[in-house]
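User: Hi! I have a structure on my screen and would love to talk it through. Could you help me read it piece by piece?

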Amino acid sequence: AEGIKKELAFLVGRMDMSPKLCIVQVGERPDSNVYVEQKIKQGREVGIIVERIRLPNSSTTEQVLESV
């Protein structure tokens with residue numbers, strides 16, 4: 001896994017533009033928070049811009065779609 005991260009960081013570093021990952025998180029489940037935090041950390045470690053959008057559990061599909 002470490003080799004893949006190094007290779008990915010190298011490839012991202014050679015790009016003209018930085019890739020971006022946008023995570024839309026609906027609700028506040030503790031296990032989901034841990035998962036999303038890990039994705040944010042891993043993305044940033046290889047040079048990917050990571051944005052997290054948090055929405056309440058009561059969000060409608062329309063609200064989720066409008067957030068991105």
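Analyst: Happy to help; below we take helices, strands, single residues and salt bridges in turn, keeping in mind that this is a predicted model.

User: Let's start with helix H1 (residues 2-13). How far apart are its end C-alpha atoms, and what span should its 12 residues have?

Analyst: At 1.5 Å a residue, the 12 residues of H1 should span 16 Å. The expected span counts one less than the number of residues. The end C-alpha atoms agree with that expectation, as they lie 16 Å apart.

User: How many of the 12 residues of H1 are buried?

Analyst: Here, buried means under 20% relative accessible area. H1 is hardly covered, and its count of buried residues is one.

User: In which sense do strands E1 and E2 pair, and which residue in E2 stands opposite Ile 23?

Analyst: E1 covers residues 20-26 and E2 covers residues 49-55; the two pair over seven bridges, in the parallel sense. Helix H2 (residues 30-45) joins E1 and E2 in a right-handed β-α-β unit. Across the pairing, the residue opposite Ile 23 is Arg 52.

User: Arg 52 caught my eye. Which residue forms a salt bridge with Arg 52?

Analyst: The closest N and O atoms of the pair are 2.7 Å apart, and a salt bridge needs such atoms within 4 Å. The partner of Arg 52 is Glu 37. This pair links distant parts of the chain, 15 residues apart, with Arg 52 in strand E2 and its partner in helix H2. The partner is partly exposed, at a relative accessible area of 40%, and is Glu 37.

User: Is Val 36 buried or exposed, and which residues is Val 36 in contact with beyond its neighbours within four places in sequence?

Analyst: Val 36 is found in helix H2. Its relative accessibility is 5%, so Val 36 counts as buried. Leaving aside neighbours within four places in sequence, its contacts are Ile 23, Gln 25 and Arg 52.

User: How far apart in space are Val 36 and Val 12?

Analyst: In sequence, Val 36 and Val 12 are 24 residues apart. In space, going from C-alpha to C-alpha, the separation is 21 Å.

User: Now the loop between E2 and helix H3 (61-66), where Ser 59 is found. Which backbone oxygen does the side chain of Ser 59 reach?

Analyst: Ser 59 has a relative accessible area of 17%, so it counts as buried. Apart from neighbours within four places in sequence, Ser 59 is in contact with Val 26 and Val 64. Its side chain comes to 2.7 Å from a backbone oxygen, that of Pro 56.

User: Back to charges: how many salt bridges are there, and which residues are linked with Lys 5 in a network of them?

Analyst: The count comes to five salt bridges. One of them joins Glu 45 to Lys 41, whose closest N and O atoms are 3.7 Å apart. Both lie in helix H2, four residues apart, about one turn of the helix. The residues linked with Lys 5 in the network are Lys 41 and Glu 45.

User: What about Asp 31: which residue is its salt-bridge partner?

Analyst: Asp 31 counts as partly exposed, at 45% relative accessibility. Its partner counts as exposed, at 54%. With the closest N and O atoms 2.5 Å apart, the partner of Asp 31 is Arg 29.

Key: Residues are numbered from 1 along each chain as its sequence is written. This is a predicted model: local features need pLDDT of at least 70, side-chain atom pairs count only at pLDDT 80 or more; totals for chains, interfaces and linings use all residues. Side-chain values use heavy atoms; hydrogens and water are left out. Buried means under 20% relative accessible area, exposed over 50%, partly exposed in between (1.4 Å probe, protein chains only). Two strands pair if DSSP finds at least two bridges between them. A crossover is right-handed if, with the strands pointing away from the viewer, the path from the first strand over the helix to the second runs clockwise. A polar contact is a pair of N or O atoms within 3.5 Å; within protein, one must be able to donate a hydrogen and the other to accept it, and residues adjacent in sequence count only if both atoms are side-chain atoms. Contact means heavy atoms within 4.5 Å. A salt bridge is a side-chain nitrogen of Lys or Arg within 4 Å of a carboxyl oxygen of Asp or Glu.
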